[in-house]
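Hi everyone, thanks for making time. I'll put the structure up, and then we can walk through it together.

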Amino acid sequence: MFIEWEEEFETGIPAIDHDHKTLVDLINEVHAVIQRGGAAREVEDVVERLTQYVAEHFEREERYMEAAGYAGLTAHIARHEDFTHQVGTLAREFDLDPDAVDLNALLEFLADWLTNHILKADKAYAPTVRAWLERNPETAQG
Ligand SMILES: [Fe+2]
């Protein structure tokens with residue numbers, strides 16, 4: 001295991017915490033594949049699943065922040081776009097030449113980004129979104 005789930009990662013928003021746990025699991029999967037010296041194809045597959053899940057998760061977060069009227073929405077979306085762009089670039093590099101990509105650096109980047117983003121940016125919107133969900137409990141699913 002590469003990232004251990006910590007209580008401090010919790011936002012108190014069930015759907016978001018569930019997503020974040022899934023992302024941690026996927027990064028740990030990337031780690032496991034690299035650790036056992038998996039083929040480039042296998043690394044690509046799990047990175048692909050991770051980026052797809054990240055896209056779904058970002059959309060969900062952005063919907064919540066928007067519905068809750070979170071003031072930091074635009075800045076938060078810019079961080080998501082930045083990450084999507086960086087991962088896209090790395091994935092393309094890997095696709096062109098797997099040997100040219102330092103997999104441990106890729107892993108560090110993914111893990112650092114996710115944990116810092118959860119601890120800072122996501123925890124910053126959490127009180128606003130939690131308060132909105134309390135006022136609108138019927139939207140709390142998904
Ligand atoms: Fe986020």
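So, look at contacts first, where contact means heavy atoms within 4.5 Å. Among contacts between residues at least 6 apart in sequence, 70% join residues at least 24 apart. Before I go on, this is a predicted model: local features need pLDDT of at least 70, side-chain atom pairs count only at pLDDT 80 or more, and totals for chains, interfaces and linings use all residues. Residues are numbered from 1 along each chain as its sequence is written, and side-chain values use heavy atoms, with hydrogens and water left out.

What is the chain built from? Four helices and zero strands, so reading along the sequence you get α-α-α-α. Helices and strands here are DSSP runs, numbered from the N terminus: H or I with at least four residues for a helix, E with at least two for a strand. The radius of gyration is 16 Å, close to the 14 Å from the globule rule for 142 residues, so the chain is as compact as a globular protein of that length. That radius is taken over C-alpha atoms, and the rule is 2.2 Å times the number of residues to the power 0.38. If you want a box for the C-alpha atoms, think roughly 50 × 25 × 25 Å along the principal axes.

Now the surface. Of the 142 residues, 40% count as buried; buried means under 20% relative accessible area, exposed means over 50%, and partly exposed is in between, with a 1.4 Å probe and protein chains only. The chain exposes about 7,900 Å², and carbon and sulfur atoms supply 50% of that. Those areas come from the Shrake-Rupley method with a 1.4 Å probe, and for residues only the protein chains shown count as cover. As for charge, there are 12 positive and 30 negative side chains, with the centres of the two sets 5 Å apart. Lys and Arg count as positive, Asp and Glu as negative, while His and the chain ends are not counted. The place of a charge is NZ of Lys, CZ of Arg, CG of Asp or CD of Glu.

On to the metal. Which residues are the protein donors of the iron ion? They are E61 (OE), H76 (NE2), H80 (NE2), H117 (NE2) and D122 (OD), lying 2.0 to 2.4 Å from the ion. Donors are N, O and S atoms within 2.8 Å of the metal (3.2 Å for Na, K and Ca), and water is not among the atoms, so sites may look incomplete. Along the chain, the spacing reads E-x14-H-x3-H-x36-H-x4-D. One pair links distant parts of the chain: E61 sits in helix 2 (residues 40-68) and D122 in helix 4 (residues 103-135), 61 residues apart. E61 is buried because its relative accessible area is 0%, and D122 is buried at 0% as well.

Let's stay with H80 for a second. H80 is in helix 3 (residues 73-96), and counts as buried at 1% relative accessibility. Beyond residues up to four places away in sequence, H80 touches F58, E61, E62, M65, W113 and H117.

Last stop, W5, in the segment before helix 1 (14-35). Is W5 buried or partly exposed? Partly exposed, because its relative accessibility is 23%. Leaving aside neighbours within four places, W5 is in contact with E10, D17, H20, K21 and V24.
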